Every structure is written in C-alpha cells, then in structure tokens.
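Me: I am new to this structure and would like to know what lies behind the words used for it. Please take me through some of them with care.

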Amino acid sequence: MPSRVAIVRGLRTPFAKSGTLFARLTALDLGKMAVAELIERSGIDPKSVQEVVFGNVIPSVKAPNIAREIVLGTGLPRSIPGYTVGKACASANQAIAAASDMIVRGYADTVIAGGSESLSDVPILFSRNMADAFVGASKGKSVVAKLGAFKKVRPKDLLPDAPAIAESTTGLTMGESAEKMAKENRISREAQDRFALQSHKRAAAATSSGRFKDEVMTVVLPPSFDTVVETDNLIRADTTLEQLAKLKPVFDRKYGTITAGNSSPLTDGAAAVLLMSEEKAKAEGFKPIGYLKSYAFAATDPFDQLLQGPVFALPIALERAGITLKDIGVIEMHEAFAAQVLSNIQWMGSKKIAEEKLGRSEPIGDIDPTSINRTGGSIALGHPFGATGARIVTTVCNELQRTGEQYGLVTVCAAGGMGAAMILERE
Ligand SMILES: CC(C)(COP(=O)(O)OP(=O)(O)OC[C@H]1O[C@@H](n2cnc3c(N)ncnc32)[C@H](O)[C@@H]1OP(=O)(O)O)[C@@H](O)C(=O)NCCC(=O)NCCS
C-alpha cells in the first residue's frame, strides 16, 4: 500500500492588500518568513526536510526559483533542493500535489510545500524596442556606439509594461471573464454582494474568535522591526449590503455586476504546509492535522467559461477518493469572484451541464453557498495567487480537527480555464 500523505501543520503570513503593509517586501521575503516559522512551530528537525516545492505566479526576474532561494535564505541545510511551480491560482495546490507524489513514491518522507506572491513587487518591463536598445548599448564598443543604440527609441517605447491579469488566448482579464460568467449564468449583483458580505462577516468572526491563531503567524516588519502585523488587513468587519450595492462595476462599467467589493483583491502573502509520510509523522510523534486523500487538476476551454475549472476537477477527485459530494463535511472554494463561486456551484448542481460538458448522467451534487467557506474566503482574506491553495488546505484540515467531520474539500479555479480539487481527511 502506498503511504498516506500527512499534513502535519500549515501556516501562513497575514495577507495584506498589495501596496500596503508588505509593499516593501518581496514574495521571497514572505515565503522565507512562512517557512521559517513553520519549521519553528512544528518542531521538525530542519535536516529531515528533503525538498521544498513552492508555487509562485509572477516570479521575480532575479530569483525565479523561489523554492531554492527559500532553502538558502532560511537557514535550512544547503543540501536541500527546491523547485518552483506555476499553475496560476492553483500553484500551491500543484506544489502540494507534487510534494505528496514524492512521498507516495517513497522518494521522500518530509517535504515543505506552499506558495508565495507579492503583487506589490511585480516586474515592470520595458518595451521590446527599449530592451533591444539597452542590449545594443551594452555591446557598443564606444560611447558613440552605445548612444547610437538608442536612435530608434520613440517616446512610446519609454512606457513601462506591467504584467496584466489577462488571458493571452482570449485577451480578457479575469474580471471580464467572471463578468461573462455572471451574465451567462444569470448571477445577480445582489447574490454576489450577499456572498461577499458573508465572506467578510465570517472572516471577521473567525479572526476575532482567535480561530486563525494556529494558522496565521505574526510578522514583525523589517527593516525597522517596529510594526507588528498579526492579522489580515483586507477584512471589512463593518461592511454592509448597502455599501456593497453602492460600488460601481469595475470590469463592465455600463452593464456589469462585478465590483471591488465582490472580487478578491490584489494581495501579498505566503503560506506553507509540512507534509510527511504517515509512518514517519507517527514514528516521530507528530499529530497531523489531516491527510491528502486525493487530488485532481482539470481544464476547460478558456473561450467558454474561464473560471469553471473546479467543476471539471471535482468529480475526478471524488472518484479517486472513492466518495461522493454527500460525504464531504467541510467545503472551501477559492473565491476569485463571488460570481465565479456561484457559477461553479450552479454548474456542479446542473444535470444539463453534467450531460453536456462532463459526459456524466448525474450532476456532481448540490452545494448551499452559505455552507461553504465557514471562516471567510479570498474575497475577504485576500488572494496572493501562489499562496492561496496552501492557505485553504490548512484551513480545511484545522476545521476537520475542530468539528470532527471526516472529509474536507478544496476547490480552486485558475487562469487558462484550469481547476484544482483536493479531498482531505481527518485521521
Ligand atoms: C477589483 C479591483 C480592480 C479593485 O481594485 P481597487 O480599485 O484597488 O479596490 P479598492 O480596494 O481600492 O476598492 C475600491 C473602492 O471600493 C470600496 N470597497 C471595496 N470593498 C468594499 C466593501 N466590502 N465594502 C465597502 N466598500 C468597499 C473601497 O473602499 C474603495 O472605495 P474608495 O474608492 O472610496 O476608496 C482589484 O481588486 C482586482 O483587480 N481584483 C481582481 C483580481 C483578480 O483578477 N484576481 C484573479 C482572480 S483568480
């Protein structure tokens, strides 16, 4: 029998709106903090870690393999390799899946997986003409030759080019794609705002009750170390339906329903989990918070409904786990947009979608939107792209521990029409 993969412990930094508390930190800084504290809190011997796998969506040009940089920057033995994965918003799920595969094969028994993102620190590129001029100048043998390389540069070439959250195939941003889904699935503005309100209220209640103490670390901000960040700074405990209803649509200003209030915000943060083989965890006296029972990734045509990937991944993960949706007690769905969550739920419950898109005779099952994301989701907590999957896996495991339910589910939609589903279980 292959080894079960134990999630020994999970931890994240607080999440901060990009450009605010963590504006001067990089994804690497945040990743190092999460991993160092995870090692500290779990009590694991750093020498027993055999690999670090990290998700990161917008890599630094200077240190693109963030996983290895984390090893080198956290005092872990330099003999530990590390690699970085990119699967858009499901990157940390992919990191966890890859790490767990190593354990199941018996190639490793202790791996740290997670993800990190700084949307405050995105690479700003020059236009191709400007970049060519720089390269030409660096090769010029005299000052005249170096200056000559800039002869063809025009004023428009000086404009910086920041990465867009747009699909290269469809040209649509995530927000525009979610807007299309809201329209095609007739998800009302009110339903979206209600869902966003639920996210904020639950995140605020979970924070004030101390529910996140086990999974959110404290960050003391360098370089002066005089600011202590203990909680996420995006949660709006006092938001109301009336305030949400007043916000203007962002992605289709005239006819749209998606606003800053019912979207996940641009966020900085990192999250990590410590994975071990069940045998090793138990032999070492660890008490895992959960086990990864199965996972699946799937994809749909980005020209259809971009953020429906979870609908395609979920039935595969359930089949692999040998259970049905009815067996699941705790459900966490990543909230890219309220319209996306409500669209995913609509399609999961639809017989027509099952028959036409999934090749199945029965729908996956009904999910009550008020029963999911009990401690809030990405709309309120924030969504550092590379990190979210690890945040949610930890939250589900801790919730299984708290309630005694047996099975938990994580779904994450991702750019490119992709989706992730993970089934977790308690003991
Ligand atoms: C939607 C988006 C463009 C909004 O960005 P933004 O304009 O910087 O958002 P802000 O936080 O400044 O909010 C805009 C306004 O709405 C208000 N607001 C936002 N959420 C609110 C809430 N829950 N209740 C009340 N007001 C709210 C803000 O106070 C702000 O008001 P102000 O202009 O008077 O200051 C940005 O968050 C975004 O691009 N999100 C999507 C990210 C994405 O595509 N992710 C990929 C998904 S997988």
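Reply: A starting point is the side chain of Thr267, one polar atom of which lies 2.7 Å from the backbone oxygen of Pro265. The model is a predicted one, in which local features need pLDDT of at least 70 and side-chain atom pairs count only at pLDDT 80 or more, while totals for chains, interfaces and linings use all residues. Residues are numbered from 1 along each chain as its sequence is written, and side-chain values use heavy atoms, with hydrogens and water left out.

Me: What makes the pair formed by Thr267 and Pro265 a polar contact?

Reply: A polar contact is a pair of N or O atoms within 3.5 Å, where within protein one must be able to donate a hydrogen and the other to accept it, and residues adjacent in sequence count only if both atoms are side-chain atoms. The 2.7 Å between Thr267 and Pro265 is within that limit. The side chain of Thr267 also reaches the backbone nitrogen of His383, at 2.9 Å.

Me: Why is Thr267 called buried?

Reply: Buried means under 20% relative accessible area, exposed means over 50%, and partly exposed is in between, with a 1.4 Å probe and protein chains only. Thr267 has 0% relative accessibility, so this residue counts as buried. Thr267 belongs to strand β8, residues 267-277, where strands (E, at least two residues) and helices (H or I, at least four) are DSSP runs numbered from the N terminus. With contact meaning heavy atoms within 4.5 Å, and neighbours within four places in sequence left aside, the residues that Thr267 contacts include Phe15, Glu117, Leu234 and Pro384.

Me: Why does Asn398 count as buried?

Reply: The relative accessible area of Asn398 is 15%, so Asn398 is buried. This residue lies in helix α14, residues 388-403, and touches Arg211, Asp214, Glu215 and Ile289, not counting residues up to four places away in sequence.

Me: How do you know that the span of α10 is close to the expected one?

Reply: The expected span of a helix is 1.5 Å times one less than its number of residues. Helix α10 (residues 309-321) has 13 residues, for which 18 Å is expected, and it reaches 19 Å from its first C-alpha to its last.

Me: What makes α10 mostly covered?

Reply: Ten of the 13 residues of α10 are buried, among them Val311, Phe312 and Leu318. The elements that these buried residues pack against include β9 (290-299), α11 (338-348) and α12 (351-358).

Me: Why are the buried residues of α12 said to line one face of the helix?

Reply: In α12, Ile353, Ala354 and Leu358 are buried. Their arc, taken from the directions from the helix axis to the C-beta atoms, is within 105° seen down the axis of α12, so they line one face of the helix. The face turned away from the buried side of α12 carries the exposed residues Lys352 and Glu356, while its buried residues pack against α10 and α11.

Me: How do you know that Ser350 caps the N-terminal end of α12?

Reply: A side-chain oxygen of Ser350 lies 3.3 Å from the backbone nitrogen of Lys352, which is within the cut-off already given for a polar contact.

Me: Which polar side-chain atoms lie at a short distance from the ligand, and how far away are they?

Reply: A polar side-chain atom of Arg236 lies 3.1 Å from an oxygen atom of the ligand, and one of Thr239 lies 2.7 Å from a nitrogen atom of the ligand.
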